[in-house]
Amino acid sequence: MSEEIEKKIYRGRIKVPYKHTAGAYVERFITEIGKNNKIMGVKCPKCGKVYVPPKMICFTCFEKMEEWVEVGKQGTVKGFTVVTHSTPVMPLEPPYAYGIITLDGADTDFVHLINESDPKKLKIGMRVEAVFKEKPRKRILDIEYFKAI
Ligand SMILES: [Zn+2]
């Protein structure tokens with residue numbers, strides 16, 4: 001003989017505010033962008049690869065990287081996508097692009113905004129330059145966007 005169990009459901013929301021640390025490397029990376037308009041990477045002592053954004057350990061050699069190097073504010077676009085729809089969290093008013101950018105002096109790619117939206121003007125291999133925010137807020141968006149040069 002089975003017994004039916006009444007199930008009660010209570011609906012509600014639990015607010016869980018949180019903060020997390022960016023870590024020492026990202027902290028320094030973001031600080032240099034905002035305070036000094038410098039884009040910094042770290043160089044592997046074994047293979048010489050320069051990582052931007054900086055990583056603590058080389059993905060190729062597994063060496064700890066501690067040598068900070070400044071890379072260029074200009075770079076080359078390796079890929080892109082155009083954003084045409086808006087949401088409340090968008091950093092720019094569409095249309096704009098997200099680009100995969102290799103900064104001069106870096107060996108890794110960096111994803112950031114490009115303020116160009118015309119697909120005819122966006123090209124793989126095009127050159128771009130960082131535009132820094134006038135009032136930095138210790139965020140990656142202290143590089144406001146990259147512009148075509
Ligand atoms: Zn390495």
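The exercises below work through a predicted model of one protein.

**Exercise 1. Describe the overall make-up and the spread of the protein.**

Step 1. The secondary structure consists of 1 helix and 8 strands. In sequence order the pattern is α-β-β-β-β-β-β-β-β.

Step 2. For 149 residues the globule rule gives 15 Å, while the radius of gyration is 21 Å, well over that value, so the protein is more spread out than a compact globule.

Step 3. Along the principal axes, the C-alpha atoms fill a box of roughly 75 × 40 × 35 Å.

Step 4. Of the 149 residues, 23% count as buried. Among contacts with a separation of 6 or more, 46% are between residues 24 or more positions apart.

**Exercise 2. Check the length of helix 1 and find which way it faces.**

Step 1. Helix 1 has 13 residues, which at 1.5 Å a residue should span 18 Å; the end C-alpha atoms are 17 Å apart, which agrees.

Step 2. A residue is buried if 20 or more other C-beta atoms lie within 10 Å of its own. In helix 1 the buried residues are F29, I30, I33 and G34.

Step 3. Viewed down the helix axis, these buried residues fall within an arc of 120 degrees, so they line one face of helix 1. An α-helix has 3.6 residues a turn, so residues three or four places apart point the same way.

Step 4. The face turned away from the buried side carries the exposed residues A24, E27, K35 and N36.

Step 5. Strand 1 and strand 8 are included in what covers the buried residues of helix 1. Just after the helix, N37 has a positive phi of about 50 degrees.

**Exercise 3. Work out the order of the open sheet of 3 strands and place W68 in the structure.**

Step 1. The sheet has the order 2-1-3, with antiparallel pairing. Strand 2 and strand 3 are the edge strands, each pairing on one side only.

Step 2. Strand 1 and strand 3 are joined over 5 bridges in the antiparallel sense. M40 has E70 in strand 3 as its bridge partner.

Step 3. W68 belongs to strand 3, residues 67-71. With 16 other C-beta atoms within 10 Å, W68 is partly exposed.

Step 4. Leaving out residues up to four places away in sequence, W68 touches M40 and V42. Y51 is 17 residues from W68 in sequence, and their C-alpha atoms are 9.6 Å apart.

**Exercise 4. Find the strands that pair with strand 4, and a bridge in each pairing.**

Step 1. Strand 4, residues 74-83, pairs with strand 7 in the antiparallel sense over 3 bridges. Here T76 stands opposite R127 in strand 7.

Step 2. Strand 4 also pairs with strand 5, again in the antiparallel sense, over 8 bridges. V82 has A97 in strand 5 as its bridge partner.

**Exercise 5. Which residues touch the most other members of the largest nonpolar core, and which elements give two or more residues to this core?**

Step 1. The core has 25 residues, and those touching the most other members are I39, V52, V71, I101, L103, I114 and F146.

Step 2. The elements that give two or more residues are helix 1 (24-36), strand 1 (39-43), strand 2 (50-51), strand 5 (96-103), strand 6 (110-114), strand 7 (127-132) and strand 8 (143-148).

Step 3. Take I114 as an example: apart from neighbours within four places in sequence, I114 is in contact with F80, Y96, A97, G99, V128, Y145 and F146.

Terms used:
Residues numbered from 1 in each chain as written. Predicted model: local features only at pLDDT ≥ 70, side-chain atom pairs only at ≥ 80, totals over all residues. Helix = DSSP H or I, 4+ residues; strand = E, 2+ residues; numbered from the N terminus. Rg over C-alpha atoms; globule rule 2.2 N^0.38 Å. Buried ≥ 20, exposed ≤ 12 C-beta atoms within 10 Å, placed from the backbone. Contact = placed C-beta atoms within 7 Å. Core = buried A, V, L, I, M, F, W, Y, C linked by C-beta atoms within 7 Å. Pairing = 2+ DSSP bridges. Expected span 1.5 Å × (residues − 1). Arc of directions from axis to C-beta.
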